Amino acid sequence: ETLGIREMPTLFLAAFNVTASVLFSGIADVVCQKLEFHFKTKKKPPPALQPPPAPDDEFHLAVPRTLRYMLVPGLSGGVGAVIHYSLFLPHFFPDPHAAAVLSLSLVHTIGQAAVIFASVFMNQILTGKGIEFALEKMKCEGPVASLWIVPWWFPVYVIQFTYIPLNYQPMFHQGFGGIAKIALSYFINRPLLTAPPHG
């Protein structure tokens, strides 16, 4: 019984979900910042034509940004996964047959879009930019980020619910989620492409 969703996650798995989600979120944001810095410096002239490097030309980790990302979607996603694996799946999908796998995969894929929109919104709130700006950012970045990230989740969920035993599903999910969070961090933190609303 690969799907195994009648079982409840142990306390260890619950702690793993939260810890892994927070740590992977932090690592993903650091990787994203490094990539952003790398591609920004690649656009500069050849070294022979550049003036002596200024302090701003060196990589500096934006720690507050990383901490925000460890909260949302890190901590919030980890707590949500604990509730999800222990309450939602056993109640709504108790039968591990093939049709349930497809239903689960579709529901989870759609759920990832909701996570993306919520993460974009909440990260702007945590920066203190206000609800109006957060809504504008969510409206601009949510659909684009979902278009890039969400389609990858459906085959991942099909594999997860078909071949991965329940006790290892959180690890599998968090592993791929760590990769997806690199892209999400970019969309959350890049400058708003439209003029911000005026209040």
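## Helices and overall architecture

Helices in this report are DSSP runs of H or I spanning at least four residues, numbered from the N terminus. The model described here is predicted. By that definition, helix 5 covers residues 169-189 and contains Gly 177.

The protein chain has five helices and zero strands, so that its elements, read from the N terminus, follow the order α-α-α-α-α. Of the 199 residues in the chain, 38% are buried. Among contacts with a separation of 6 or more, 83% join residues that are 24 or more positions apart. The accessible surface of the chain amounts to about 11,100 Å², and carbon and sulfur atoms account for 74% of that surface.

## Gly 177 in helix 5

Gly 177 has a relative accessibility of 6% and counts as buried, because the cut-off for burial is under 20%. The C-alpha atoms of Gly 177 and Ser 25 are 8.6 Å apart in space, although 152 residues separate the two in sequence.

## The nonpolar core

The largest nonpolar core comprises 22 residues. Those with the most contacts inside this core are Ile 116, Ile 149, Trp 153, Phe 161 and Leu 184. Helix 2, helix 3, helix 4 (131-163) and helix 5 each contribute at least two residues to the core. The greatest contribution comes from helix 4, with seven residues.

## The nonpolar surface patch

A nonpolar patch on the surface is formed by Leu 71, Leu 75, Val 79, Ile 83, Leu 87, Met 122 and Leu 126, which together have about 570 Å² of accessible area. Helix 2 (63-92) and helix 3 (98-126) each provide at least two of the patch residues, and helix 2 gives the most, with five.

Met 122 is located in helix 3. Its relative accessible area is 31%, so Met 122 is classed as partly exposed. Membership of a patch requires over 30% relative accessible area, and Met 122 therefore meets that cut-off.

## Asn 123 in helix 3

Asn 123 also belongs to helix 3. With a relative accessible area of 2%, Asn 123 is buried. A polar atom of the Asn 123 side chain lies 2.9 Å from the backbone oxygen of Ser 119. Apart from neighbours within four places in sequence, Asn 123 is in contact with Arg 68, Tyr 69, Val 72 and Ile 188.

## Salt bridges

The whole structure contains five salt bridges. One of them joins the side chains of Arg 65 and Glu 36, with an N to O distance of 3.1 Å. This pair links distant parts of the chain, since Arg 65 lies in helix 2 and Glu 36 in helix 1 (residues 11-42), 29 residues apart. Arg 65 is buried at 10% relative accessibility, whereas Glu 36, at 27%, is partly exposed. Asp 29 joins Glu 36 and Arg 65 in a network of salt bridges.

Helix 4 holds a salt bridge between the side chains of Lys 139 and Glu 136, at 3.5 Å from N to O. These two residues are three residues apart, about one turn of the helix. Lys 139 is exposed at 55% relative accessibility, while Glu 136 is buried at 17%. Glu 141 forms a further salt bridge with Lys 137, the closest N and O atoms being 3.4 Å apart. Because Glu 141 and Lys 137 are four residues apart in helix 4, about one helical turn separates them. Glu 141 is buried, with a relative accessible area of 1%, and Lys 137 is buried with a relative accessible area of 1%.

Conventions: Residues numbered from 1 in each chain as written. Predicted model: local features only at pLDDT ≥ 70, side-chain atom pairs only at ≥ 80, totals over all residues. Heavy atoms only, no water. Patch = residues over 30% accessible without salt bridge, like charges linked within 9 Å, V, L, I, M, F, W, Y side chains within 5 Å. Areas by Shrake-Rupley, 256 points an atom, 1.4 Å probe, with all protein chains shown as cover. Salt bridge = Lys/Arg side-chain N within 4 Å of Asp/Glu carboxyl O. Buried < 20%, exposed > 50% of the residue type's maximum accessible area, 1.4 Å probe, protein only. Contact = heavy atoms within 4.5 Å. Core = buried A, V, L, I, M, F, W, Y, C linked by side-chain atoms within 4.5 Å. Polar contact = N/O pair within 3.5 Å; in protein donor to acceptor, adjacent residues only side chain to side chain.
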